[in-house]
Amino acid sequence: MDMKRDYYEDIEVFSSGTVLFWSIALFVFLFTLPLYLSSYNIYLFNIILVHVILAVGLNILVGYTGQISLGHAGFFAIGAYGTALLMTHLGLPFFVSIIAAGLIAAFFGFIIGLPALRLEGPYLAIATLGFGLTIMHIIGRWDIFGGRMGIQAPPLDIGIPQWGLSALLDSDVKMYYLILVIAIVMVIGARNMMKTRIGRAFVAIRDDDIAAEVMGVNLLTFKTLSFAVSAFYAGVAGGLFGFVLGFFDPFTFNLILSIIFLVMIVVGGLGSVLGAVMGASLITYLQYDLLKNVDEMPYLGDALVWFSRKFFTVIGLENFNSIMLGLIMLGIVIFEPLGMFGIWIRIKKYWKTWPF
Amino acid sequence: MAHFKVENIGISFGGIRAVQGVSFDVRQNSIFSIIGPNGSGKTTIFNMISGIYKPDSGRVVLDGENLTGLSPDRIARRGVARTFQNIQLFGNATVMDNLMLGRHIHMKTGVLSGFFMLGKWTPCAREEVRHREVVEHIVDFLDLQSVRDQFVSGLPYGKRKLVELGRALALEPKILLLDEPSAGMNTEEKDDLRIWIKDIQEDYRVTILLIEHDMNMVMGISDRILAINQGLKIIEGTPAEVQKHPDVIAAYLGEEDIDAHDQEHRDMV
Ligand SMILES: Nc1ncnc2c1ncn2[C@@H]1O[C@H](COP(=O)(O)OP(=O)(O)O)[C@@H](O)[C@H]1O
Ligand SMILES: [Mg+2]
């Protein structure tokens with residue numbers, strides 16, 4: 001038997017006609033989205049895309065490498081403040097600033113990754129938690145960061161205005177296209193990385209670090225690398241988030257946010273790039289949109305407010321979000337540990353080659 | 001100069017002297033077996049060779065280079081690969097990914113070139129394809145085509161043992177440590193394994209260190225055998241010499257003890 005296979009098929013992004021078809025359909029949908037959506041919804045989509053970038057990065061650390069971080073809001077903050085301050089104070093172009101801020105976050109990720117060589121599970125969780133809280137407080141103290149009052153993001157000009165090459169993105173829709181392109185690049189990049197030697201080394205560390213080491217994987221290099229890459233993603237996401245919000249303060253990047261990020265990847269599916277994309281989309285949508293107006297829904301809203309007042313709080317539906325997220329988490333852990341990605345796999349089995 | 005040399009190696013765990021001053025030389029491309037009752041320190045010797053434990057005393061030397069005290073990943077890069085007594089695979093990855101991890105030390109892809117793997121012609125994709133071809137030979141050799149893309153955690157015991165062997169082979173080691181490779185296999189699988197080990201010695205030109213309880217296999221394929229008991233060397237020699245040694249017979253080659261070992265393995269499976 002001398003059938004020469006093309007092994008590139010195994011690692012290709014568009015591994016079949018079906019995948020290519022649906023990817024193109026998705027791209028067309030995403031790039032024409034502003035035609036059908038209200039400006040509020042575009043704003044929501046911007047936040048979703050920012051969270052997608054962050055969740056994909058967090059999943060590299062948690063889902064692929066098996067480490068934990070309760071401090072990703074800290075890297076997110078470094079990205080947001082870093083990008084804005086590099087642009088306003090040093091006058092650097094947007095792309096230089098956001099990449100530099102991402103690299104600063106990556107450097108902090110590397111530092112946080114060092115103790116991960118010895119710390120595991122709860123101890124690592126505490127160490128990263130400490131990092132997140134420290135960043136929040138340092139930013140709150142220093143005037144250059146605007147202190148507790150927060151800072152205003154500069155105008156989002158993605159050209160080099162000093163050279164007369166101005167490209168001002170002065171609307172949510174224009175910003176949407178920028179964020180969409182960056183998100184697509186980051187998602188495909190992550191997916192590629194995970195298909196190569198780097199991703200396999202991460203997975204090896206997650207599944208059996210002793211066997212990984214015995215096969216030649218340097219734990220120090222790859223654990224710190226995973227933290228650094230993950231933090232870079234958080235930093236870039238943060239850089240974009242600053243512009244989406246327009247204004248932010250230290251409390252934008254609180255502990256709850258770090259936990260919500262973890263919820264995104266657990267709900268979406270640990271160890272799956274696509275899972276992180278789905279989880280970030282669903283949780284952001286629930287947080288910002290669906291749950292926000294739930295008390296205005298006919299009948300159900302009144303019932304929920306009554307229920308919440310009776311059993312949880314006096315102020316109505318304040319903590320409805322947390323309760324819903326908690327229930328979703330429970331449901332996922334009990335019924336589908338692979339998260340939305342697991343559900344997706346099962347659906348895909350039925351539709352394997354449709355529409356061909 | 002000996003190809004591979006263990007000199008006076010020893011280690012204690014909280015007062016228990018697990019291995020006490022064991023020495024042996026291994027000729028290039030030979031099969032060298034270590035036998036001894038359970039708990040006699042065989043796996044501990046492997047753990048010291050591969051760097052998981054740091055020996056309290058002694059040295060491990062491969063082709064004149066001292067490996068003692070190096071980290072396991074450095075030792076792997078010097079050409080030492082191994083399997084584990086209780087299989088240690090990457091359970092939530094496919095057979096192919098497990099084998100590809102064996103190529104880790106031969107590959108160079110970094111974060112950036114991995115990130116920008118945008119087409120067949122990119123350096124990263126070319127490297128990936130080249131190494132997949134190498135691994136595909138191992139898949140064929142060990143007859144793993146049927147499970148190539150399956151997750152390891154779902155495979156039967158015998159197949160997982162083979163995947164682990166394949167992963168170690170993929171590293172293209174100079175020296176391969178096999179810790180009870182036939183444990184839990186049926187007679188048929190054991191026969192196949194024996195042929196594979198012989199083939200690995202001949203085709204891949206690898207030096208093999210083998211810990212094995214199946215005396216038929218050990219006596220049949222070993223060039224030399226080291227017998228240890230309670231961390232101490234009893235004798236080292238050819239299968240014929242070792243078989244005759246009264247202490248070896250007393251320690252565990254007696255009829256009853258062989259049965260006991262077999263029983264134990266049946267219990268484990
Ligand atoms: N990490 C460890 N901590 C404590 N004792 C150990 C450790 N590893 C091995 N030992 C002890 O060393 C002795 C030899 O064990 P081992 O090398 O696994 O034996 P074998 O492989 O010959 O069955 C046993 O008494 C075992 O309990
Ligand atoms: Mg053992």
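In this predicted model, helix α9 of chain A covers residues 219–245, and because each of its 27 residues should add 1.5 Å (the expected span being 1.5 Å times one less than the number of residues), the helix should span 39 Å, which agrees with the 38 Å between its end C-alpha atoms. Helices here are DSSP runs of H or I with at least four residues, numbered from the N terminus. Of the 27 residues of α9(A), 23 are buried, meaning under 20% relative accessible area with a 1.4 Å probe and protein chains only. At the N-terminal end of α9(A), Asn218(A) acts as a cap, with a side-chain oxygen 3.0 Å from the backbone nitrogen of Leu220(A), whereas the helix is followed by Gly246(A), whose phi is positive, near 85°.

In chain B, the residues that surround ligand 1 include Phe13(B), Pro37(B), Lys42(B) and Tyr53(B), and the largest share of this shell, three residues, comes from helix α1 (residues 42–49) of chain B. Oxygen atoms of ligand 1 lie 3.3 Å from a backbone N or O atom of Ser40(B), 3.0 Å from a backbone N or O atom of Gly41(B), and 2.7 Å from a side-chain N or O atom of Thr43(B). Taken alone, ligand 1 exposes 560 Å², of which the protein buries 64%, with areas from the Shrake-Rupley method and a 1.4 Å probe.

Residues are numbered from 1 along each chain as its sequence is written, while chains are lettered from A and ligands numbered from 1 in the order written. Local features need pLDDT of at least 70, side-chain atom pairs count only at pLDDT 80 or more, and totals for chains, interfaces and linings use all residues, while side-chain values use heavy atoms, leaving out hydrogens and water.

Conventions. Near = heavy atom within 4 Å. Polar contact = N/O pair within 3.5 Å; in protein donor to acceptor, adjacent residues only side chain to side chain. Helix = DSSP H or I, 4+ residues; strand = E, 2+ residues; numbered from the N terminus. Buried < 20%, exposed > 50% of the residue type's maximum accessible area, 1.4 Å probe, protein only.
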